[in-house]
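Trainee: Could you take a close look at one strand for me and walk me through it, neighbours and all?

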Amino acid sequence: MSIAVTNLECTDDVVTLTVASVAGLVVGETVFIIGTGYNKLDGHHQLSAVGVTTVQYTVNNQDDITSTAVSAVLVEQPTWIDADDVEVFLGIASATANDTAFLEEVVAAANVFAFRRRAEAGYNDNPTTAPNASAKMGTVLYAASLYRERGSVDSFQSFDSMSMPQPSLSMGRVLQLLGVGRPQIG
């Protein structure tokens, strides 16, 4: 879900981007901006306004920029779940700063995965709110699976002396909860 950014300006720490389309963008949504040429303007930002052809967000201590043509991209960052949701599922809290950082990464990856798979299946979801409890649980299960695979090449780690496969989270269950991968009649 990338959207072309054609123009930018910044006045009083409010950045205004002219975008190809605002369809699906909502106030409060976190987006990722790439390629503006300004370090403070690129990166993750929360939208404060969505207009007809523009979006706005704030940055701190940015010099004013007059209207400038750019070839940048805005990418939607879904936020259906957060680290707290995954910690509740796992039944543990992050033990170290590294655990917390990794948990944030898997949560972001799970949000993008779930949102993308549902979009590919024809759903038109709001990126800031899970469409239903089932999709939220599927996203949490996927994030927990990614977290549990930490340090492993291809699946959950096992300390069993025998090379027997260990039972793990079923991707089928995740897809079922997300409501994707269903047979379609064309």
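Mentor: Sure, and pairing comes up a lot here: two strands pair if DSSP finds at least two bridges between them. Strands themselves (E) are DSSP runs of at least two residues, numbered from the N terminus. Keep in mind that this is a predicted model, where local features need pLDDT of at least 70, side-chain atom pairs count only at pLDDT 80 or more, and totals for chains, interfaces and linings use all residues. Residues are numbered from 1 along each chain as its sequence is written, and side-chain values use heavy atoms, leaving out hydrogens and water.

Let's take strand E6, which covers residues 54-58. Its side chains alternate between two faces. Val55 and Tyr57 point to one face and are buried (under 20% relative accessible area with a 1.4 Å probe, protein chains only). On the other face you'll find Thr54, Gln56 and Thr58, and these are not buried.

Now for the partners. Strand E2, residues 14-19, runs antiparallel to E6, with five bridges joining the two. In that pairing, Val15 stands opposite Tyr57 of E6, and Tyr57 is one of the buried residues we just met. Strand E5, residues 49-50, also pairs with E6 in the antiparallel sense, this time over two bridges. There, Ala49 is the residue opposite Gln56 of E6, and Gln56 points to the face whose side chains are not buried. E5 and E6 together form a hairpin, with three residues between them.

So to recap, E6 has antiparallel pairings with E2 and with E5.

Methods
Buried means under 20% relative accessible area, exposed over 50%, partly exposed in between (1.4 Å probe, protein chains only). Helices (H or I, at least four residues) and strands (E, at least two) are DSSP runs, numbered from the N terminus.
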